[in-house]
Number of protein chains: 2
Amino acid sequence: MANISTKAVQMPASAIRKLVPLADAAKKQGVKVYHLNIGQPDIKSPDCALDAIRNNGLKHVSYSNSAGLIELREGLVNKYYKKIGIDIEVPELLVTVAGSEGVNLSLEITCNPGDEVIVLEPFYTNYNTFAFMNGITLKAIPTDIRKGFQVPPIEEFEKAITDRTRAILVCNPGNPCGTLYSKENMLALGEVARKHDLFLISDEVYREFCYTDEPHFSAMNIPDLDQNVILVDSVSKRYNLCGARVGCLVSHNKEFMAAALKFAQARLCPPVIGQIAAIGALDTPQEYFDAVREEYIRRRDFMITRLNQIEGVFTPMPNGAFYTIAELPVDNTESFAKWMLEEFRVNNETTMITPAASFYKTPGKGLNHARISYVLEVPEMVKALDILEAGLKAYPGRTI
Amino acid sequence: MANISTKAVQMPASAIRKLVPLADAAKKQGVKVYHLNIGQPDIKSPDCALDAIRNNGLKHVSYSNSAGLIELREGLVNKYYKKIGIDIEVPELLVTVAGSEGVNLSLEITCNPGDEVIVLEPFYTNYNTFAFMNGITLKAIPTDIRKGFQVPPIEEFEKAITDRTRAILVCNPGNPCGTLYSKENMLALGEVARKHDLFLISDEVYREFCYTDEPHFSAMNIPDLDQNVILVDSVSKRYNLCGARVGCLVSHNKEFMAAALKFAQARLCPPVIGQIAAIGALDTPQEYFDAVREEYIRRRDFMITRLNQIEGVFTPMPNGAFYTIAELPVDNTESFAKWMLEEFRVNNETTMITPAASFYKTPGKGLNHARISYVLEVPEMVKALDILEAGLKAYPGRTI
């Protein structure tokens with residue numbers, strides 16, 4: 001039998017999705033599974049986005065330009081980015097197949113195989129996957145759960161830089177731990193990037209989900225770093241259009257954008273029906289965002305309080321996105337998560353969480369950490385967390 | 001300024017799309033451009049596909065499973081592939097972001113950097129792009145325009161095989177020259193693949209566009225080659241849903257499919273609204289395909305006859321897809337295509353064609369070849385070809 005490639009063999013499986021078959025098996029047995037494991041909000045998409053698909057009047061679904069439909073590119077520049085204080089021209093924006101393609105292309109275009117990219121640990125696990133796919137090494141700077149995963153002093157970044165370092169990749173606000181970078185954090189990072197001439201890749205797909213009074217400070221607004229900043233964005237979270245698979249790459253760096261277009265041309269175009277939804281979504285009223293934000297603050301407050309009430313559980317207060325990393329009193333959160341799905345039931349229901357070890361690069365770190373999303377309504381979370389608490393008490397591998 | 005990667009610098013620009021800015025510029029001047037350059041049919045998508053999007057009843061556009069919506073996977077297996085005599089199970093099918101992702105993943109999963117893949121020349125230019133992205137070398141076996149680009153004898157394949165050869169990649173029916181592989185061709189290729197234990201990657205996205213009386217013979221039906229065949233498919237052409245960005249990878253090889261799923265998980269999921277259209281499209285009545293086929297035969301017959309009437313032009317009769325490769329009496333079809341867009345007008349109209357050199361790997365080959373699509377209605381093609389003929393007479397670099 002013909003062998004597959006070394007890359008295909010070594011390609012890491014998704015830690016977020018690899019427990020899905022166990023959840024499916026539980027559901028087949030009639031078990032209700034509470035999904036605290038994924039970033040799939042239950043909040044509805046704006047009507048204007050859904051109406052745009054329903055009333056599109058299409059006769060055939062043609063290719064768009066590889067860089068995206070011009071109406072979407074212009075709309076993003078003039079209706080969205082201008083409003084939030086990011087000043088760009090249309091050629092500085094390319095529509096991608098969601099944030100995933102944006103991150104992958106950013107790494108592929110900025111780094112040669114063997115190069116290093118600095119991230120804060122814990123980080124979104126697929127950063128590691130995309131780095132692997134491009135032969136890049138992630139250099140992870142640890143952050144401390146007990147200090148609320150705050151951004152470490154800039155000296156830590158300086159220490160991590162080698163002659164192979166090409167970029168710093170941040171997620172702001174952050175998946176998986178909800179870290180929100182302050183303006184000061186971003187300016188300091190900008191200084192490091194400028195000093196060492198590094199790319200600063202800023203994944204801001206959770207921009208609308210900030211829970212402090214400080215406005216979000218985009219990497220695009222760091223002064224004098226025009227040629228180094230790459231913004232990764234997406235409509236997935238902003239408008240609850242995860243399945244649309246539409247995002248964008250933004251940069252003032254012409255060389256970067258020209259390269260991105262070449263890669264974009266190879267895959268012909270981003271999904272057009274999703275782009276039509278995204279065009280519709282540009283008319284989303286502010287009240288939609290306000291209501292969503294309020295709802296997430298309510299969910300977060302409940303989730304964090306409740307988690308910390310469980311014996312042996314600790315999680316800090318996240319200031320953005322809709323996840324938290326929690327320390328659980330178990331030997332290994334992956335074994336625990338599997339056990340919950342396979343064996344533990346309360347009234348024929350169970351709770352699913354994401355083991356967080358794959359969000360860490362440092363060996364052995366995060367083994368008792370889980371990523372927990374607060375994307376369900378509070379009454380659902382009440383039940384999910386009661387089950388989690390009961391599971392933690394009954395789990396044979398508990399450590400307290 | 002931070003430098004971009006070597007790969008990004010060397011990444012080939014799309015030959016098909018690189019003239020687009022010139023066409024856009026012409027249109028801005030009010031010039032009508034006849035697009036004989038792209039595979040973007042003007043035929044409408046089936047109503048059932050469009051209705052599926054309009055009446056979807058979605059409240060929010062969630063992620064699907066990374067392998068695709070189960071309704072689509074089951075529907076493709078039971079409603080589509082079963083009907084056309086391809087016998088597969090659901091786990092042997094993974095929904096991709098159109099055929100482009102399918103080809104790229106097939107190469108990435110079957111080949112290590114430095115490996116070789118055999119193709120027939122001329123080939124779809126993005127095969128070369130995807131090969132480049134994966135560090136793979138395409139080994140092109142020439143075919144002859146004067147012999148209608150027919151599949152060469154099997155000895156030519158044997159001669160092209162080295163110890164680095166990992167796969168044979170065919171497009172059947174073929175873009176860009178409309179070659180249709182006979183059952184005998186496919187069986188012979190199967191024998192070579194079996195003998196040398198090569199993967200046979202079969203891009204069959206134009207399967208519904210065959211113009212002989214012989215039924216299409218899929219690589220999936222080559223006996224005793226289960227573990228080596230990978231089918232790349234797409235709804236783009238079949239249902240005129242190019243912008244939906246939905247296709248699939250099919251293989252009986254479990255190791256291949258498991259690897260494909262890992263890559264699929266990294267990009268989370270294929271476009272969901274496109275998948276909904278594709279589910280709707282499964283109910284497309286046979287009359288739709290019959291009518292489309294009849295229309296394309298009409299267009300092809302007109303196009304080929306008319307092209308061969310132009311002095312110095314030669315093109316053979318294609319038996320599938322909706323393109324032909326034509327030899328033009330010019331020094332260089334790229335210069336000619338640019339000149340048409342930039343300078344040549346008939347009543348403020350011009351015609352756009354695709355220079356075909358990038359469909360060849362052999363240096364210097366195809367310089368006077370163009371890929372010409374017959375995706376417009378005959379009355380439009382009449383005008384487009386009159387302009388092409390006039391352009392060929394007026395072009396300063398003409399060779400006759």
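This dialogue explains how to read the fold of chain A and one helix pair within it.

User: What kind of model is this, and how are its parts numbered?

Analyst: It is a predicted model, in which local features need pLDDT of at least 70, side-chain atom pairs count only at pLDDT 80 or more, and totals for chains, interfaces and linings use all residues. Residues are numbered from 1 along each chain as its sequence is written, chains are lettered from A and ligands numbered from 1 in the order in which they are written, and side-chain values use heavy atoms, leaving out hydrogens and water.

User: How many helices and strands does chain A have?

Analyst: Helices (H or I, at least four residues) and strands (E, at least two) are DSSP runs, numbered from the N terminus. Chain A has 13 helices and 12 strands. Of its 400 residues, 62% are buried, that is, under 20% relative accessible area with a 1.4 Å probe, protein chains only.

User: How does one describe two packed helices?

Analyst: One gives the angle between their axes and the distance between the axes. Here, helix α3 (residues 47-54) of chain A and helix α10 (residues 272-281) of chain A have axes that come within 7 Å and cross at roughly 135 degrees. The two helices, α3(A) and α10(A), are therefore oblique to each other; angles under 35 degrees count as roughly parallel, over 145 as roughly antiparallel, 65 to 115 as roughly perpendicular and the rest as oblique.

User: Which residues of α3(A) and α10(A) make the contact?

Analyst: Contact means heavy atoms within 4.5 Å. From α3(A) come Cys48(A), Ala49(A), Ala52(A) and Ile53(A), and from α10(A) come Ile273(A), Ile276(A), Ala277(A), Gly280(A) and Ala281(A).

Notes: Axes fitted to C-alpha atoms, helices over the stretch in contact; angles between N-to-C directions. Buried < 20%, exposed > 50% of the residue type's maximum accessible area, 1.4 Å probe, protein only.
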